[in-house]
Amino acid sequence: MKMDLVAEELDIKKLLGKLLTSNSGELNPDLLKRLKSICKKDDENVRITSEVIFSFLKKAHSVIRLNCVYLADILFSRSNCYRILMLEKFELFTSLTLASDPSKPLPPPESQHKKLRREAIRI
């Protein structure tokens, strides 16, 4: 049983790595479907997913952060567990996506700053 959880955690991390580092401008539907299926099985998988999303949000790349915003929107609408976890870290989420602290500006590419802010506000 414990090995299954470890394998699922590794699968979640791999899936999120592929989903969130894509430069295509949208999330891969096949990978997204797999992730949603894994998250549906257990709230622990949702917690792992949330932790990984927040670790990617801290990366110094606006496109990765934008992908995190898109994924957060999808999970927020589907999972009560994810909503609770997001609300617990909402201040961090907004500071990483809106650059509300002038001493911590958004990372490059600058061409994505406006879109990142707009999408974060939208969701």
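Leaving aside neighbours within four places in sequence, which residues is Asn-45 in contact with? Let me start there. The partners are Glu-8, Ile-12, Ile-38 and Cys-39. Asn-45 itself lies in helix H3. Its relative accessibility is 1%, so Asn-45 counts as buried. One caution before I go on: this is a predicted model.

Stay in H3 for a moment. Ile-48 is placed in that helix as well. Ile-48 has 8% relative accessibility, and since the cut-off for buried is under 20%, Ile-48 counts as buried. What does Ile-48 touch, not counting residues up to four places away in sequence? Glu-9 and Ile-12. So Ile-12 turns up in both contact lists, that of Asn-45 and that of Ile-48. For a sense of distance, take Ile-48 and Leu-98. They are 50 residues apart along the chain, and their C-alpha atoms are separated by 24 Å.

Now the packing of H2 against H3. The two axes come within 5 Å. They cross at roughly 130°. That angle is why H2 is described as oblique to H3. Who makes the contact? On the H2 side, Leu-35, Ile-38, Cys-39 and Lys-41. On the H3 side, Asn-45, Val-46 and Thr-49. Sorted by character, the residues of this contact are four nonpolar, two polar and one charged. Asn-45, where I began, is one of the H3 residues here.

Next, the core. In general, nonpolar side chains tend to be buried together in soluble globular proteins. Here, the largest nonpolar core has 36 residues. Which members touch the most other members? Leu-16, Leu-20, Leu-35, Ile-53 and Leu-71. Where does the core come from? At least two residues each are supplied by H1 (2–20), H2 (29–41), H3 (43–57), H4 (62–78), H5 (80–88), H6 (90–98) and H7 (113–122). H4 gives the most, with eight residues. Note that Leu-35 appears in this list of well-connected members and also in the H2 contact with H3.

Take Leu-20 from that list. Beyond its neighbours within four places in sequence, Leu-20 is in contact with Ile-53, Phe-56, Ile-64, Asn-67, Cys-68 and Leu-71. Ile-53 and Leu-71 are themselves among the residues that touch the most other core members.

One of those partners is an asparagine, Asn-67. Its place is in helix H4. Buried or exposed, at 1% relative accessibility? Asn-67 counts as buried. Not counting residues up to four places away in sequence, Asn-67 touches Leu-19, Leu-20, Thr-21, Ser-22 and Leu-27.

On to the aromatics. How many aromatic pairs does the count come to? One. The pair is Phe-90 with Phe-93. A pair of aromatic rings is described by the distance of the centres and the angle of the planes. Here the centres are 6.4 Å apart and the planes are at 25°, and the pair is stacked. Both residues lie in helix H6, three residues apart, about one turn of the helix. Their exposure is worth stating for each. Phe-90 has 42% relative accessibility, so Phe-90 counts as partly exposed. Phe-93 has 4%, so Phe-93 counts as buried.

Last stop, the loops. His-61 is placed in the loop between H3 and H4. With a relative accessible area of 29%, His-61 is partly exposed. Which residues is His-61 in contact with, leaving aside its neighbours within four places in sequence? Asn-23, Pro-107, Pro-108 and Pro-109. There is also a distance to quote here. The C-alpha atoms of His-61 and Gln-112 are separated by 9.3 Å, with those positions 51 residues apart along the chain counted as the spacing.

Two backbone points to finish. Most residues other than glycine have a negative phi, and most peptide bonds are trans. Now look at the loop between H6 and H7, where Pro-109 lies. The peptide bond from Pro-108 to Pro-109 is cis, with omega near 0°. Both of these prolines are among the contacts of His-61. Ala-99 is placed in the loop between H6 and H7 too. Ala-99 has a positive phi of about 55°, although it is not a glycine. At 16% relative accessibility, Ala-99 counts as buried.

Key. Residues numbered from 1 in each chain as written. Predicted model: local features only at pLDDT ≥ 70, side-chain atom pairs only at ≥ 80, totals over all residues. Heavy atoms only, no water. Core = buried A, V, L, I, M, F, W, Y, C linked by side-chain atoms within 4.5 Å. Buried < 20%, exposed > 50% of the residue type's maximum accessible area, 1.4 Å probe, protein only. Helix = DSSP H or I, 4+ residues; strand = E, 2+ residues; numbered from the N terminus. Contact = heavy atoms within 4.5 Å. Axes fitted to C-alpha atoms, helices over the stretch in contact; angles between N-to-C directions. Parallel < 35°, antiparallel > 145°, perpendicular 65-115°, else oblique. Nonpolar A, V, L, I, M, F, W, Y, C, P; charged D, E, K, R; others polar. Phe/Tyr/Trp six-rings, centres within 6.5 Å; stacked < 30°, edge-to-face > 60°.
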